[in-house]
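Here are some notes for a colleague who is opening this structure for the first time. They are set out as numbered points, to be read with the model in view.

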Amino acid sequence: MKERELIDIIARLAGDKRPGLLRGIGDDCAVIKGQPGRVQLVTMDTLVESVHFDPNWHPPEKLGRKSVAVNVSDVAAMGGTPSFALLSLGLPAGFDDQWVDRFLHGFTGSCREYGCPLIGGDTVRSPDRIVITVTMIGEAAADQVVYRSSARPGDTIWVSGSLGRAAAGLELCRAGAAQQPDPLLESLVEAHLNPRARTAAGRLLAASGLVHAMIDLSDGLATDLAHLCEESRAGAVIAAEDLPASPALYQASRLLQLDPVRLMVSGGEDYELLFTAAPADTGDLLGLAARAGVSFSPVGVITARSGVWLKRAGPGQDAVEEVRIDFKGFDHFPAPAKR
């Protein structure tokens with residue numbers, strides 16, 4: 001059973017909606033009716049040692065910061081503002097006191113920066129590894145929440161920032177190249193170790209009323225765009241040549257002998273925003289990007305045809321091929337290889 005199939009089962013068994021629940025399973029956050037004109041946004045994420053992080057190269061302060069940022073990113077993807085955080089920390093017997101102290105300094109420092117104080121949680125003994133679970137509570141104006149489910153055929157697909165940086169940073173860490181003196185490569189490692197959530201951009205996009213659907217890029221462009229299309233009952237075509245990449249990504253790709261397009265399409269943990277809007281609003285969106293201090297790049301179009309497709313140069317002269325890439329990002333429970 002793959003991760004998406006497991007989530008579908010959970011969603012079916014979760015039961016009917018109750019009064020006050022505006023959106024449950026299927027989006028970046030659950031949406032709950034709040035004070036008049038306001039809603040609460042609730043999300044949760046878990047980081048497991050040797051699955052999401054390796055303490056051999058992930059400094060505890062930066063892991064604490066990342067644990068906050070990945071949850072704040074979900075709130076940002078719905079146009080909200082983070083309000084409060086809860087932390088469940090599972091630690092093996094004989095844990096390192098100094099490691100925990102440094103982790104908590106990073107965690108609480110990040111909470112202060114995002115304006116979401118730590119208000120509670122739980123501490124438990126874990127059998128053999130560190131397990132970090134964070135619940136984030138945010139809020140937004142009820143009429144400005146952006147869901148995954150409202151993309152329309154003909155919409156332009158946009159992404160903030162550049163893609164593949166965190167995936168390249170992870171591969172540099174795995175290859176033992178994390179301590180490269182080159183600042184370009186250091187920036188990729190930092191993107192993996194200490195990502196930043198696009199809170200200002202998310203709020204501006206939501207308040208503009210221009211955005212039809214939005215999601216944050218946690219599992220990779222291919223998978224997260226597929227989630228958005230699935231919820232919107234639509235498809236998408238993206239162009240490899242339009243994917244925004246930093247010079248550092250190409251440098252790392254040469255060093256590691258990896259395909260930069262693969263890193264941008266399948267690599268996770270960018271925590272950039274992917275959103276859709278009408279083509280006529282391109283100029284206004286570029287103006288918002290300038291206000292938010294981040295680049296927005298058009299990378300494709302929403303289609304009535306199902307599936308997420310990547311267009312890239314084919315083997316022949318002037319040839320272009322389309323490859324279906326639905327759910328080609330990170331999956332906790334991938335299908336076993338066929339024998």
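1. Before the sheet is described, one term is needed: two strands are said to pair if DSSP finds at least two bridges between them. It should also be kept in mind that this is a predicted model.

2. Read in that sense, seven strands form an open sheet with mixed pairing, and their order across the sheet is S8-S10-S7-S11-S9-S12-S13. Strand S8 (211–216) and strand S13 (320–324) stand at the edges, and because each has a single partner strand, one side of each is left without a neighbour in the sheet. On average, and with direction ignored, neighbouring strands of this sheet are turned by 25° against each other.

3. Three of the pairings can be followed strand by strand. Strand S7 (residues 156–160) is joined in the antiparallel sense to strand S11 (residues 296–303) over five bridges, and within S11 it is Val301 that stands opposite Thr156. S9 and S12, by contrast, run parallel and are joined by five bridges, with Val237 opposite Trp309 in S12. S12 is also joined to S13 by five bridges, here with the strands running antiparallel, and Leu310 stands opposite Val323 in S13.

4. Helix H7 (residues 221–232) packs on this sheet, where it touches S7, S8, strand S9 (235–239), strand S10 (273–277), S11 and strand S12 (307–313). The direction of H7 makes about 140° with that of S8.

5. Which residues does helix H4 bring to its contact with H8? They are Ala168, Glu171 and Leu172, and they meet Leu249, Ala252, Leu255 and Leu256 in H8. The residues of this contact divide into six nonpolar, no polar and one charged. As for the geometry, the axes of H4 (residues 165–174) and H8 (residues 247–256) come within 10 Å and cross at roughly 35°, and the crossing in which H4 passes H8 is left-handed.

6. A last point concerns the second largest pocket, which has a volume of about 300 Å³. It is lined by 12 residues, of which Gly15, Lys17, Leu21, Gly24 and Ile25 are the closest to its centre. The lining of this pocket divides into four nonpolar, four polar and four charged residues, whereas the contact of H4 with H8 has no polar residue and one charged residue.

Notes: Residues numbered from 1 in each chain as written. Predicted model: local features only at pLDDT ≥ 70, side-chain atom pairs only at ≥ 80, totals over all residues. Heavy atoms only, no water. 1 Å grid on protein atoms, 1.4 Å probe; cavity = no way out; pocket = protein on both sides within 12 Å on 5 of 7 lines; lining within 4 Å. Points joined across faces, edges and corners; volume = space filled by probe spheres on them. Nonpolar A, V, L, I, M, F, W, Y, C, P; charged D, E, K, R; others polar. Helix = DSSP H or I, 4+ residues; strand = E, 2+ residues; numbered from the N terminus. Axes fitted to C-alpha atoms, helices over the stretch in contact; angles between N-to-C directions. Contact = heavy atoms within 4.5 Å. Left-handed = near helix turned anticlockwise from the far one by under 90°.
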